[in-house]
Amino acid sequence: MRICIIGGGLTGLSAAYYLSRTYSVDVLEASAETGGLLSSSPVHDTNIERYYHHCFSGDAHLLALMDELGLAADLTWLNGSTGYFSEGRIYPLTTPFEILRYPLLTLRDKIRLGLLTLRAGKYRASSYDDMTADAFILDTCGRHAYDSFFAPLLRSKFGDWRHEVSAAWLISRIAIRSDRGPQGERLGYLRHGYQSLITALSDAVRRNGGAIHTGIPAHALEKTEEGTWMVNGAPYDAVVSTVRPSILTSLGGPSLPEIPYQGAACVTMGLSRDVLQGIYWVNVKDEAPYGAVIGHTNFAPFEWYGEHIVYLASYFRDRLPEGHEERMITDFCNRFSVSRDEIRWHYMTTDTAAGPVYTTGYRNLIPPYEVDGLYCAGMFSSPNYPERSMEGSVAAAQAVAETITSREASRD
Ligand SMILES: Cc1cc2nc3c(=O)[nH]c(=O)nc-3n(C[C@H](O)[C@H](O)[C@H](O)COP(=O)(O)OP(=O)(O)OC[C@H]3O[C@@H](n4cnc5c(N)ncnc54)[C@H](O)[C@@H]3O)c2cc1C
């Protein structure tokens with residue numbers, strides 16, 4: 001049986017890995033390299049993700065896959081410290097003492113926020129799919145906490161979409177980020193970056209006889225009379241699409257519900273000094289062209305890179321604003337008192353399909369793993385609801401591979 005997998009991101013490569021153990025697999029990847037949102041660039045003698053990444057202790061499928069691929073020894077659990085930047089100051093918000101001292105929330109706000117964090121794991125997030133995050137926060141934490149804490153976070157993450165985002169997304173986001181000790185969140189990172197996961201998956205697929213074609217987009221899909229699908233004119237017994245549903249439909253694939261997506265633009269910089277007071281993740285409260293400044297080397301050891309690596313994280317709707325990279329860097333220099341010559345290098349990475357926007361009612365848009373004889377799995381699949389993640393990609397890939405395998409078994 002010949003299977004075509006469209007997309008060589010984490011979902012596509014994981015699906016190829018599971019399926020290539022039994023079937024003949026071809027992966028088509030539009031870009032010059034594999035990895036998709038999890039791809040990396042070389043820095044000195046290691047690699048760094050184009051978009052900041054870490055994993056969580058509850059990522060069962062991802063951790064099992066890394067184990068299977070022999071990467072367990074490279075997985076390091078590190079402390080992710082956090083802070084909030086407002087009006088020229090960084091407020092550390094990692095330890096209970098720092099949180100108590102934080103002046104921009106009242107004691108009442110802090111108690112309500114603390115209770116919400118403790119309870120987040122107990123809510124059934126999907127039951128809140130029809131409620132907006134705004135309504136949920138106002139109800140549980142009140143107006144002051146909404147205005148001074150949540151509103152800037154929602155604005156930076158979802159921009160114009162922010163008032164449409166569901167409480168299901170918010171609750172799961174809080175729950176996933178609640179694995180905290182006194183020194184911060186416990187977050188996982190691979191010694192040579194997540195590029196080693198992409199490389200290990202690709203190597204395993206090739207060892208199993210699969211082929212990975214980069215720089216070859218799927219540009220046309222056609223259904224045959226037998227009910228199977230052709231990709232770029234080539235017949236396959238099964239096709240797995242991991243790309244955004246609207247792209248699949250535009251290529252001639254089955255019609256799927258329109259899932260809203262947003263784009264991401266991320267500047268990566270090498271700096272000559274730490275400008276974040278040793279903090280990993282600094283959310284920016286004031287209106288800025290980026291929503292968070294991420295000090296990668298305040299998380300992964302500085303010695304691995306020999307310079308301070310910082311990301312500026314931003315999301316956009318539809319189209320990237322003109323001159324965005326320059327605007328982000330200029331703002332960062334002004335806001336964080338950094339001079340240009342302290343930035344040794346920088347580049348910006350953008351992707352218009354950086355993730356679904358979990359608006360209210362999203363749950364009803366999730367496509368099944370098989371639609372009209374074509375298989376699909378990706379950031380839009382149920383394991384990625386209500387927040388996409390590496391764990392969700394691996395879980396969706398495993399589920400679609402099992403769907404194909406059991407469909408084949410029932411044919412025998
Ligand atoms: C800024 C940012 C930060 C993140 N941080 C984290 C984190 O800390 N922890 C975490 O768990 N997750 C994180 N994620 C999420 C994680 O990166 C994704 O969930 C995961 O990588 C998605 O993989 P995917 O294969 O489904 O999609 P993608 O990576 O988007 O892969 C899809 C692939 O399909 C290719 N493609 C598109 N069209 C075609 C075509 N016509 N033909 C062939 N190929 C095509 C694309 O080039 C791409 O390579 C983050 C994402 C972003 C954007």
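1. In this predicted model, strand S21 and strand S22 (residues 374-376) run antiparallel and are joined by 2 bridges. Within that pairing, Glu 370 stands opposite Tyr 375 in S22, which gives a newcomer a convenient place to begin reading the structure.

2. The two strands belong to an open sheet of 6 strands, in which the order is S11-S2-S1-S15-S22-S21 and the pairing is mixed. Strand S11 (211-214) and strand S21 (370-371) stand at its edges with a single partner strand each, and therefore one side of each has no neighbour in the sheet.

3. Two strands of this sheet, S1 and S2, also carry the partners of a salt bridge: Arg 2 pairs with Asp 26, and their closest N and O atoms lie 3.0 Å apart. Arg 2 is in strand S1 (residues 2-6) and Asp 26 is in strand S2 (residues 24-29), so that the pair, with its members 24 residues apart, links distant parts of the chain. As general background, side chains of opposite charge can pair when their charged atoms come close. The structure holds 13 salt bridges.

4. A second open sheet is made of 3 strands in the order S12-S13-S14, and here the pairing is antiparallel. Its edge strands are S12 (221-223) and S14 (234-235), each of which pairs on one side only. Between S12 and strand S13 (residues 229-231) there are 3 bridges in the antiparallel sense, and Leu 221 is found opposite Val 231 in S13.

5. The hairpin formed by S7 and S8 deserves a separate look, with 2 residues between its strands. Strand S7 (residues 82-86) and strand S8 (residues 89-92) run antiparallel and are joined by 4 bridges; among the paired residues, Ser 86 has Arg 89 in S8 as its bridge partner. Glu 87 lies in the loop between S7 and S8, and its phi is near 45 degrees, a positive value in a residue other than glycine. For context, most residues other than glycine have a negative phi, and most peptide bonds are trans.

6. At the level of domains, the protein chain is divided into domain 1 (2-70 + 192-259 + 360-411) and domain 2 (95-182). The centres of domain 1 and domain 2, taken over C-alpha atoms, are separated by 32 Å. Where the two domains meet, 11 residues of domain 1 are in contact with 17 residues of domain 2.

7. How much area is buried between domain 1 and domain 2? The value is about 1,100 Å², with carbon and sulfur atoms giving 48% of it. On the side of domain 1, Thr 360, Pro 386 and Glu 387 supply 48% of the area which that domain buries against domain 2, more than any other three residues.

8. The polar side of this boundary can be described in a similar way, since the count between domain 1 and domain 2 is 2 salt bridges and 7 residue pairs in polar contact, both residues being at pLDDT 80 or more. The residues of domain 1 on the side that touches domain 2 divide into 4 nonpolar, 4 polar and 3 charged.

9. Two neighbouring entries from that list of three residues merit checking in the viewer. The side chain of Glu 387 meets that of Arg 173 in a salt bridge, at 2.5 Å from N to O. Pro 386 is in the loop between S22 and helix H11 (390-411), and the peptide bond leading to Pro 386 from Tyr 385 is cis, with omega near 0 degrees.

Key: Residues numbered from 1 in each chain as written. Predicted model: local features only at pLDDT ≥ 70, side-chain atom pairs only at ≥ 80, totals over all residues. Heavy atoms only, no water. Pairing = 2+ DSSP bridges. Domains from an automatic or database assignment. Contact = heavy atoms within 4.5 Å. Buried area = accessible area lost by both parts, 1.4 Å probe. Salt bridge = Lys/Arg side-chain N within 4 Å of Asp/Glu carboxyl O. Polar contact = N/O pair within 3.5 Å; in protein donor to acceptor, adjacent residues only side chain to side chain. Nonpolar A, V, L, I, M, F, W, Y, C, P; charged D, E, K, R; others polar.
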